[in-house]
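Student: I would like to take a close look at one part of this structure, the place where a ligand is held, together with any other metal site that helps me understand it. Could you take me through it step by step?

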Amino acid sequence: MSTLDTAGPAAASIATLWWVMLIGATLIFLFVMALLALVFIRPGIGRGTPASWWLVGGGLAFPAVVLTPLLIYALWAGERLFPTGDPAVAQVDVVARQWEWNFTYRNAAGAPVQSSNTLHIQAGQPVQLNITSADVIHSFWVPRLAGKIDAIPGHVTVLQLKADAPGLYRGICAEFCGTAHLEMQFALQAHAAEDFNAVLGGLPPAAAPDVNAPRGRP
Amino acid sequence: MTDTTAATDPIRLHKQLHRIWRTPPGFGRLSAVNHTIVGRRFIITAFVFFGIGGILAMLIRAQLATPRSAFLGPEIYNQVFTMHGTVMMFLFAIPLFEGLAMYLLPKMLGARDMAFPRLSAYGYWCYLFGGSILIIGLVLGLAPDGGWFMYTPLSSRTYTPGINADIWLIGITFVEISALAAAIEIIATIFKTRAPGMSLDKMPLFAWYMLVTAFMMLFGFPPLIVGSILLEIERAFDLPFFDPARGGDPLLWQHLFWLFGHPEVYIIFLPAAGVMSTLLPVFARREIIGYIWIVVSIVAMAFLSFGLWVHHMFTVGIPHLALAFFSAASTAVAFPTAVQFFAWIGTLATGRPQLKLPMLFLLGFFFVFAMGGLTGVMLAIVPFNWQVHDTHFVVAHLHYVLVGGFIFPMLAAAYYWLPHFTGRAPRLSLGITAFWLIFIGFNLTFLIMHLTGLLGMPRRIYTYDDAAGWEWLNLVSSIGSFVMAIGFALFTVDIVLQVTMGKRARRNPWGAKTLEWATAMPPPAYNFASLPSVTSRTPLTDARGIAVDLARGQGYLGFVREGRLETLGVEITSGRLEQVIRLPNSTHIPLYTALVTAVFFVGVLLKFYLVAVIGFVATIAMLLMWTRGWGDRADRGLMPVGQGEEAPPHTEVTGAPSNWAMTLALFANGTAYASLAFGMLFLWVVAPNWPPPVLLDPGLLASALAVAGLAAAAFAAMRSVAPAVLAKAPQRELWLAVAAAGNGAALAGFIMLMMAVPDPTRHAYLAATFVLLAYVALHAALGVVFAGYGIVRSRAGYVSAMRSLDLRIGAQWHRYTAGIGLIALLLIHGLPRVMGS
Amino acid sequence: MNGIMTGSRNQAFLFMALGFTVWALAFSVLYGVQGTGCELGWHRQPIGPLSLLRWLLILIWAAHMAVLGWVYWRCRSALAVTAAKAMPEAFLWRASMALSITAAAATVWIGLALLVPSICVV
Ligand code: HEM
Ligand SMILES: [Cu+2]
Ligand SMILES: [Cu+2]
């Protein structure tokens, strides 16, 4: 379940971001604490420094130097995590409800099939999830693969993710959704390319339009 | 009669003042309105709620200590964490600083009381009663269980059918009345009741912090109140605002909640930062550096904090460009925070710091809050937020900010001002041990909780299995929390010991330079036997003997005039003497008003709507009663205030505090109205299932009637305060009658429009239109009452060309009602035309 | 709303809030127009190199920057007058001027977002 034990590009990019920020934050924290310690160990140490040094240097320049690159880097990294809208990417419709997950796919023949609480994807291929909810707000989260996105009744939210290798990845509902919030866990099974069509072929056909939810807006 | 020659005998002066300012003993205490007493009550009650919230926290940590714990089931656990968050945010943090501000501000500003003592008392009772509703719910096992931000549709009737969610909505809205009351009162107090000479640039920084905080409350709370009312209406009457099947949208709730919720966090932080900026220079033994920088930072921070709310909604599927606005704004608050941080460190570095007990807690602040600030910047980074949002990483972050940015400064404040509260100094100090237990326990609990979250543990789950590798992390957190709890227990014991057995404290024990230390300790109800005049930011250093001089009555108002309770009012910016403000004595009426307000809220809660209506009407009636027999029946003109100076009474100037109170109340009201209008537009643009099945064609006749009525009322109100009209009783009463009639006509028009709305439960459009009209109708109805009240006051002789305060307050109301009424008509006529096509 | 509020005596005080009010306005209008534009498909109408929606956002941003420039200039001249007479208002004008600069910086800062390519969800 760890966000740091990554198994997909999105999670990996975010984990990198985290390590960068952790190192930066630690250095800043130690610097400020050291300054504070110094002030008590050597009283009067700053008597020579003019007030503006503290205010301009510490209050303005310091955060500017740290935050400008961070913000630009984050916007750049975030941009690449957004769904591309590429029609070639496989799509899965996800409907969350208290307290289960329903996934609707198109199999090789183009017929809709579905599964509950286990999401099948093909390893190494990106997949776009169109997510909504039939009742309250839930949140779709597979920590090792990507960030989370909420499932909101009346809206369709989109998440694109990819698992680098075949395997079983745990997913969980991250938005508090009532008594059985905790039980709303699911599995994401990434299959090797050669098995994938067989897996989809084995799924039951989807019951007619799944979403009783109203027309969704993105 | 007026004894303006300073009473040379301090004891006699004290006796005279004491007689009129004191609160009666026994049951008479219930009539207390004095800021020292009411402030103390707020503080003590808040700490009691802190105890309750703390016990709930211990229950959480006990449950999470081990995997698959059977201690609390999900039903109970959900109530426990919801109530923990709710109690800590609404019943502990906000009321605690309100109490501190109430207690301190008049003393720091050199006044005898807050501007509206009865409002303080009323606010306190609202807080107590509203909080009690929540605690009674908890005891009965009916506590809210949807999390402290109560997301819809989970909190809607379909998914939470019981009374639990109603308890939250009603209880919190009741408590918010006290927050709004406090906001208005704090602003009016800081604006007007300062010592002469204290221009804004000489004001203690604590007052700047509180001024900005109070403005934030004024604009921050209304969206939540509106959201709560809409949700309660949806739950009780099925008007769909948040139901996507009928054109509502759960995201509307999130916007309204966080539009309040994010500023709320800064509303909690700023007063604590104010404590920092007050205490730190004392322990650094020099003036703070960068006074103006700090003032600018607070204002910047206040505004920026209103532009961050969507960072709580980074995962709801908003486009990246929009997220980028909020991400950028969220990182931008780091700047004003850093300015303050380095102003404090710079003050220590250039001063001669002393490591006394309160300073130790301030250092705790630096350590813990710095870390919380850094994780806050991380959370502002969109992709990272997607991973850790709604995990224990966020739980860790928010506690670093709230405990670091609020609890540590408040504990410092407790030790710092306790001698002032009680007149006692500690005999033996358990405080250092308490500090280390709290500090170590806190970091033990929450530092590793960041990791727990990164390892994938969502928040708000009642248990976990041992597959995820979270066991030892949770166990350490739980152990840490119990260490912290022992620390808080020790702190409590220490405080109780000091209050009960402390030795007599000497005056100004810390060598502070702000005026509150010029009062006796503990302070008398009237604070100062005579009021100071201020010439710098450090009034206690300018005149060493100032405390004694004031006690001798050598300042302003060192006498009692006709048994009236008086303090001075100044011009806002310059601090020049402007007016003599008369304040009310102890009275039970705030308590009674709060009781009938409670009847209203409990009526709504239990769905006895007739009772609720009676409670509402009774509340309005009671509020009008506050002014009975209050005011002057003759013009007074300039009155001597001592030091050879003179000033008119507040009833005869334009800038009276109550005039400001109405202006400020209308700001808050306007924010609520804007939230409502925003809701309607938001639904129209964003919500599913639009356009609606029917578009209204509002009746022209009814609309014309409403417009004519509103215009007549606003015009008549303007005429009624024109100097020529004011001078003649029949004329002004005639215009007031026209204002009443105008409002009555508008009311009729709006009711007709409301009746023309077909079944508002069908669609959010109809529901929103209905509520918008009802909002204005209510204002018009109150307009009739206010105009009528003006006539009564005029008849009773309280109005003259000079004493026009009552009518000017009424005129503000009428003008405002006309404004929002016209906007409502524009919206309901215009929107279908613009958007319908 | 209140007669004394507009009186020149407390103008400096009003200006303290003005700079950031413009910022808040920029912020809300940008966010509102962005959401509305996505709903109405303005991001799919190209005008030259950029979409209609992005042009609109840049224009809104620039207009607010211009207003902030005016606020700054107004504070500066008022500061010069009041400081010369050593009036207590000078402090407020100085703070207002600093706040107008801060607000402009904050507007530039959130303007960074306009560089983000994905303007609407797919
Ligand atoms: C005194 C020690 C405290 C401890 C041990 C503690 C512990 C916790 C824990 C473990 C949670 C997470 C519950 C969950 O997600 O399952 C939590 C939630 C929360 N705490 Fe605390 N807390 C403490 C003090 C405070 C204080 C002082 C405040 C605010 C001033 C506060 C505000 C909150 C809020 C707002 C939540 C979120 C509740 C929700 O998810 O609805 N806590 N606390
Ligand atoms: Cu769920
Ligand atoms: Cu926030």
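Tutor: Let us begin with one polar contact: in this predicted model, an N or O atom in the side chain of B:Arg459 lies 3.0 Å from an oxygen atom of ligand 1. Two histidines also approach this ligand, since a polar side-chain atom of B:His84 is 2.8 Å from a nitrogen atom of ligand 1, and an N or O atom in the side chain of B:His399 is likewise 2.8 Å from a nitrogen atom of the ligand.

These two histidines have a further role in the geometry, for the iron atom of ligand 1 is coordinated by B:His84 through NE2 and by B:His399 through NE2, at 1.9 to 2.0 Å. The iron atom has six donor atoms, with angles of 88 to 180° among them, and its site is octahedral. The pair links distant parts of the chain, with B:His84 in helix α3 (residues 74–109) of chain B and B:His399 in helix α13 (residues 392–422) of chain B, 315 residues apart. B:His84 has a relative accessible area of 13% and therefore counts as buried, because the cut-off for buried is under 20%. B:His399 is buried too, at 17% relative accessibility.

Now widen the view to the surroundings of the ligand. There are 22 residues around ligand 1, and those that come nearest are B:Tyr77, B:His84, B:Trp148, B:His399 and B:Arg460. Sorted by class, the shell holds 14 nonpolar, five polar and three charged residues. At least two residues of this shell come from each of α2 (35–64), α3, α13 and α15 (471–501) of chain B, and α3(B) gives the largest share, six residues.

A second metal site in chain B can be read in the same way. The copper ion (ligand 3) is coordinated by B:His262 through ND1, and by B:His311 and B:His312, each through NE2, at 1.8 to 2.2 Å. Along the sequence, the spacing of these donor residues is H-x48-H-H. B:His262 lies in helix α7 (residues 250–284) of chain B, while B:His312 lies in the loop between α8 (291–304) and α9 (320–332) of chain B, so this pair ties together parts that are 50 residues apart in sequence. B:His262 counts as buried, with a relative accessibility of 6%.

Technical notes: Residues numbered from 1 in each chain as written. Chains lettered and ligands numbered in written order. Predicted model: local features only at pLDDT ≥ 70, side-chain atom pairs only at ≥ 80, totals over all residues. Heavy atoms only, no water. Donors = N, O, S within 2.8 Å, 3.2 Å for Na, K, Ca; no water. Tetrahedral: all angles 85-135°; square planar, octahedral: opposite > 155°, others 65-115°. Helix = DSSP H or I, 4+ residues; strand = E, 2+ residues; numbered from the N terminus. Buried < 20%, exposed > 50% of the residue type's maximum accessible area, 1.4 Å probe, protein only. Near = heavy atom within 4 Å. Polar contact = N/O pair within 3.5 Å; in protein donor to acceptor, adjacent residues only side chain to side chain. Nonpolar A, V, L, I, M, F, W, Y, C, P; charged D, E, K, R; others polar.
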